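Biologist: Could we go through this model together? I would like to hear the reasoning behind each label.

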Amino acid sequence: MPAPDLSVSATSAVRVAATVLWTGPDAHREIDAPIVAAVPDPRAWAAGLDVPARRDLDNRVLTQLLAGEPVDVLEERGDWLRVVAPWQPSDLDPRGYPGWVPRAHVAPAAAPARREAAVTVEAVRLEPDPGRRGDDLPAELTYATILPVLAETGDAQHTEHTGSGEAAPGARVRVALPGGSSGWVDARACAVRPTGDGRPVRPEAVLAQARRFVGLPYLWGGMSAFGLDCSGLVHIAFRALGRIVPRDAHDQAEAAGRVPVGEARPGDLYFFARPEKSIHHVGFAAGQPGSDGVLLHAPGTGEQVREEQLNADRRATLVDLAGRLAD
């Protein structure tokens, strides 16, 4: 399955901080009102889901889409759109991950720019342009949000900072949003780079990104700082560094170069499958090659992202070839 780089775009894109890709227009429940509202509140939605409500997301939620993420609209049905998301490769559709989103969460895509900014902190405030109320802007952007850069101020200008805080305090980056809006974010929260940058991604850098989320509750279909599932953790750790990889664990295994488990290096992927079943779980190898096996992963509903030694149950389903997606 070919994985597009971040220059892949579409005529439409997500205009809200985060939305859910649903299995159908009627898949959401009353408790999901905060995420399907015209102005969704993904943080409040995640906080309002107890463990039974999270378990009930299976067969309802497919994945999440972030602000600026391109979508191709395939069908319109009332207040809902059936779309494919090209930044999330899937064997379900060669054009991208398919599913349904509220119409209000999608707008015409922003015009491309020479450079893009990827949010590399868990969340960052989005400030409106001077003199604007900003009612049409998300209040914050979540990790791995990627938007075109329109302007930079202060020491951010003409630099290629990496989101590690080296930009001067007060430096800001102006980013474009679908639908014609724009706003400003702290330059220290962003990695600014050329659009579609295909630079190599170091495995230790991907692992460092994933470690940011130790302690975050598991969320089925989650792919944001508001909640993650196992393959969502893998996907966004790569995306924040400029690399698009498939969305689901079995597709990630298909796309990866395979190495013996004993030769897995930190940042490679461990895959898990029951006998004669497809791969159902993925996590990062976090120990040194030849070690007893350390796994960084989002274990499942009711649990949190954690780093731990492989236990007997995990070893029983560990696939004998690890995956290598980093360079």
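Modeller: Gladly! Let us begin with a word we will need often: a residue is buried when its relative accessible area is under 20%, and exposed when that value is over 50%. Please keep in mind that this is a predicted model.

Biologist: What makes α5 mostly covered?

Modeller: In α5, 10 of its 10 residues are buried. They are Cys 230, Ser 231, Gly 232, Leu 233, Val 234, His 235, Ile 236, Ala 237, Phe 238 and Arg 239. Each of these falls under the 20% cut-off.

Biologist: Which element gives the most to the largest nonpolar core?

Modeller: That is α5 again, with six residues. The core has 41 residues, and those with the most contacts inside it are Tyr 143, Phe 213, Phe 238 and Phe 284. Besides α5, the elements that give two or more residues are α4 (203–211), α6, β19 (269–273), β20 and β21 (294–297).

Biologist: Why do you say that this core lies between the two domains?

Modeller: Domain 1 (1–197) and domain 2 (203–324) both give residues to the core, so it lies between them. There is also a second, separate core of 18 residues, which includes Ala 171, Val 173, Val 185 and Ala 189.

Biologist: Is there a general pattern behind such cores?

Modeller: In soluble globular proteins, nonpolar side chains tend to be buried together.

Biologist: How do you know where the largest pocket lies relative to the domains?

Modeller: The reasoning runs along the lining: domain 1 (1–197) and domain 2 (203–324) both give residues to it, so the largest pocket lies between them. About 480 Å³ of space lies in this pocket. Its lining has 23 residues, and the closest to the centre are Trp 220, Asp 229, Ser 231, Asp 248 and His 280. Two or more lining residues come from each of β3 (61–66), α5 (230–239), α6 (249–255) and β20 (279–285). The most come from β20, with three residues.

Biologist: How does that lining divide by residue class?

Modeller: The lining of the largest pocket has 10 nonpolar, eight polar and five charged residues.

Biologist: What makes the other empty space a cavity rather than a pocket?

Modeller: In a cavity, a 1.4 Å probe fits but cannot get out, whereas a pocket is open. By this rule there is one cavity of 30 Å³ or more. The largest cavity holds about 40 Å³ of space. Its lining is made of Ala 117, Val 119, Leu 141, Thr 145, Ile 146, Leu 147, Val 175, Val 185 and Cys 190. By class, that lining has eight nonpolar, one polar and no charged residues. At least two of the lining residues come from β8 (115–119), and at least two from β12.

Biologist: Why is Glu 152 called buried?

Modeller: Glu 152 is found in strand β12. Its relative accessibility is 13%, so it counts as buried under the 20% cut-off. The side chain of Glu 152 makes a polar contact with the side chain of Arg 115, at 2.5 Å.

Biologist: And why is the contact between Gln 64 and Ser 224 called polar?

Modeller: The side chains of Gln 64 and Ser 224 are joined at 3.1 Å. A polar contact needs a pair of N or O atoms within 3.5 Å, one able to donate a hydrogen and the other to accept it, so this pair qualifies. Gln 64 is found in strand β3. With a relative accessible area of 1%, Gln 64 is buried.

Biologist: Now two backbone cases: are Ala 144 and Glu 276 buried or exposed?

Modeller: Ala 144, at 1% relative accessibility, counts as buried. Glu 276, at 85%, passes the 50% cut-off and therefore counts as exposed.

Biologist: What makes their phi values worth a look?

Modeller: Ala 144 has a positive phi of about 75° although it is not a glycine. For Glu 276, also a residue other than glycine, phi is positive and near 60°. Ala 144 is found in the loop between β11 (140–142) and β12 (146–152), while Glu 276 lies in the loop between β19 and β20.

Biologist: Last one: how do you know that Tyr 270 is buried?

Modeller: Tyr 270 lies in strand β19. Its relative accessible area is 5%, under the 20% cut-off, so Tyr 270 is buried.

Notes:
Residues numbered from 1 in each chain as written. Predicted model: local features only at pLDDT ≥ 70, side-chain atom pairs only at ≥ 80, totals over all residues. Heavy atoms only, no water. 1 Å grid on protein atoms, 1.4 Å probe; cavity = no way out; pocket = protein on both sides within 12 Å on 5 of 7 lines; lining within 4 Å. Points joined across faces, edges and corners; volume = space filled by probe spheres on them. Helix = DSSP H or I, 4+ residues; strand = E, 2+ residues; numbered from the N terminus. Nonpolar A, V, L, I, M, F, W, Y, C, P; charged D, E, K, R; others polar. Domains from an automatic or database assignment. Core = buried A, V, L, I, M, F, W, Y, C linked by side-chain atoms within 4.5 Å. Buried < 20%, exposed > 50% of the residue type's maximum accessible area, 1.4 Å probe, protein only.
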